[in-house]
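Good morning, and thank you for the time on today's agenda. I would like to introduce a structure that may be new to many of you, and I ask you to keep the view on the screen as I speak.

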Amino acid sequence: MRNYWANHPQHRRVYVSTTARLHLGFLDISGALGRRFGSLGLSIDAFRTTLRMQVATTISATGPSADRAADYAARMLDLLGIDKGVEISLEEAIPDHAGLGSGTQMALAVGQAIHQLFGLSASTRQVATQMERGRRSGIGIGGFDHGGFMVDCGVSEQAAPPPLTVQMPFPEAWRILLVMDKGGQGLHGQQEVEAFKRLPPFPAEQAAHLCHLTLMQILPGIREQQLEPVAAGIAELQRRVGDHFAPAQGGRFTSPAVAELLHWAELQGYAGIGQSSWGPTGFVLLPDQASAEQLRDRARQRVGDLSPLSFEIAAACNQGSRVAIESTRQFTKEAR
């Protein structure tokens, strides 16, 4: 069937749907043992990037984040030496520069769609390398393939996307209240690159402390579905990493409004607070849907209608992306 699709790309279109992720922090930013960064992350069901792609004479895209999708398509087609265009229709897109991994998921979705459309084969890690994604974290790549809670082991001297060392289901009953700032963006692009260059060395004893927390508190807490040690461990990791990044992002959290709301939530007894990636999106870990709705309603009352903050309740997404080939001949093949 792959040979048929390779010879008849005009008879099909490719569907890809992938989810947002929370980047929960780094373990060893300086890489004292030879591997830099090392990340914790979680796929969530609150936002998705969903697209359909078919062969065309030129490159075009419609829908949210269309320009970004078209840019990634042009890069991949040029890299693969394909002299055809593609038409991309985006149904939805993860919000850009909110700390939810929108760039990596868009790049992987477009890259995999092109490979499937033209009957080619590549792993997600290979597509990420082609798109120059995963240079510091493997969480977005792991989320595309598997979903769930993930830990990667950091970037080595080979500079390939870091492989996952842990991938496990996150308790389905638990919820995450996302605290989003409509008026801000996290660092990205060249600003992000420059920020990493200016950061001071990360002390080796703090890296050891964060690895200890991850291995002996956060991971067993998830496996045993005990929220309290997980929330406390992630909050401690967030404090250490957030304070290290404070000179680059203006404080422990990027958004002052998100920081104030998270501080208020912490005073109410909610331990598991933090910021995803460079923000500005913050989060609160909660035991169930009812608790999340209660805290969301109280938070809305606190900030009022004129606040730039908005709130979303998310659950973990314990599956990877969906990629399917849809034929114009009424035949659909699940590609992964």
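I shall speak about the open pockets, then the enclosed cavity, then two pairs of helices, and lastly some details of the backbone. Please bear in mind throughout that this is a predicted model.

Let me begin with the pockets. The largest pocket holds about 1,000 Å³ of space. Its lining is made up of 48 residues, and those nearest the centre are Arg21, Arg133, Arg136, Glu192 and Ser277. Several elements contribute two or more residues to this lining, namely strand β1, residues 12-28, and the helices α2 (66-80), α3 (102-117), α5 (139-145), α6 (189-198) and α8 (227-249). What is the make-up of the lining of the largest pocket by class? It has 21 polar, 16 nonpolar and 11 charged residues.

The second largest pocket has a volume of about 270 Å³. It is lined by 17 residues, and the closest to its centre are Leu27, Asp28, Leu33, Arg35 and Cys211. Here two or more residues each come from β1, β2 (37-56), β5 (149-152) and α7 (204-223). Helix α7 gives the most to this lining, with four residues. By class, the lining of the second largest pocket divides into 10 nonpolar, three polar and four charged residues. You will have noticed that β1 is named for both pockets: it gives two or more residues to the lining of the largest pocket, and two or more to that of the second largest.

I turn now to the enclosed space. How many cavities of 30 Å³ or more are there? The count comes to one. The volume of the largest cavity is about 50 Å³. The residues around it are Ala235, Gln238, Arg239, Arg252, Phe253, Glu266, Ile273 and Gly274. Helix α8 and strand β8, residues 273-275, each supply at least two of the lining residues, and α8 has the largest share, with three. By class, the lining of this cavity has three nonpolar, two polar and three charged residues. Helix α8 is thus another element to remember, since it also gives two or more residues to the lining of the largest pocket.

Next, the helix pairs. Two packed helices are described by the distance between their axes and the angle between those axes. For α2 and α3, the axes come within 9 Å and cross at roughly 45 degrees. An angle of 35 degrees or more but under 65 is neither roughly parallel nor roughly perpendicular, and α2 and α3 are therefore oblique to each other. The crossing of α2 and α3 is right-handed. From α2, the residues in contact are Arg68, Ala69, Tyr72, Ala73, Met76, Leu77 and Leu80, and they meet Ser102, Gly103, Met106, Ala107, Val110, Gly111, Ile114 and His115 in α3. By class, this contact has 10 nonpolar, four polar and one charged residue.

One residue of this contact deserves a closer look. Arg68 lies in helix α2. Leaving aside residues up to four places away in sequence, Arg68 touches Asp96, His97, Ser102 and Gly103. By contrast, Gly34 is 34 residues from Arg68 along the chain, and their C-alpha atoms are separated by 34 Å.

The other pair is α9, residues 256-267, and α10, residues 289-303, whose axes come within 11 Å and cross at roughly 125 degrees. These helices, α9 and α10, are therefore oblique to each other as well. Their crossing is right-handed. Glu260, Leu261 and Trp264 in α9 meet Leu295, Arg298, Ala299, Arg302 and Val303 in α10. Of the residues in this contact, five are nonpolar, none is polar and three are charged.

Finally, two points on the backbone. Which residues are joined by a cis peptide bond? They are Gly279 and Pro280, with omega at about 5 degrees. Pro280 is placed in the loop between β8 and β9, the latter being residues 282-286. Glu132 is not a glycine, yet it has a positive phi of about 60 degrees. Glu132 is found in the loop between α4, residues 124-130, and α5.

That concludes the presentation, and I thank you for your attention.

Notes: Residues numbered from 1 in each chain as written. Predicted model: local features only at pLDDT ≥ 70, side-chain atom pairs only at ≥ 80, totals over all residues. Heavy atoms only, no water. Axes fitted to C-alpha atoms, helices over the stretch in contact; angles between N-to-C directions. Parallel < 35°, antiparallel > 145°, perpendicular 65-115°, else oblique. Left-handed = near helix turned anticlockwise from the far one by under 90°. Contact = heavy atoms within 4.5 Å. Nonpolar A, V, L, I, M, F, W, Y, C, P; charged D, E, K, R; others polar. 1 Å grid on protein atoms, 1.4 Å probe; cavity = no way out; pocket = protein on both sides within 12 Å on 5 of 7 lines; lining within 4 Å. Points joined across faces, edges and corners; volume = space filled by probe spheres on them.
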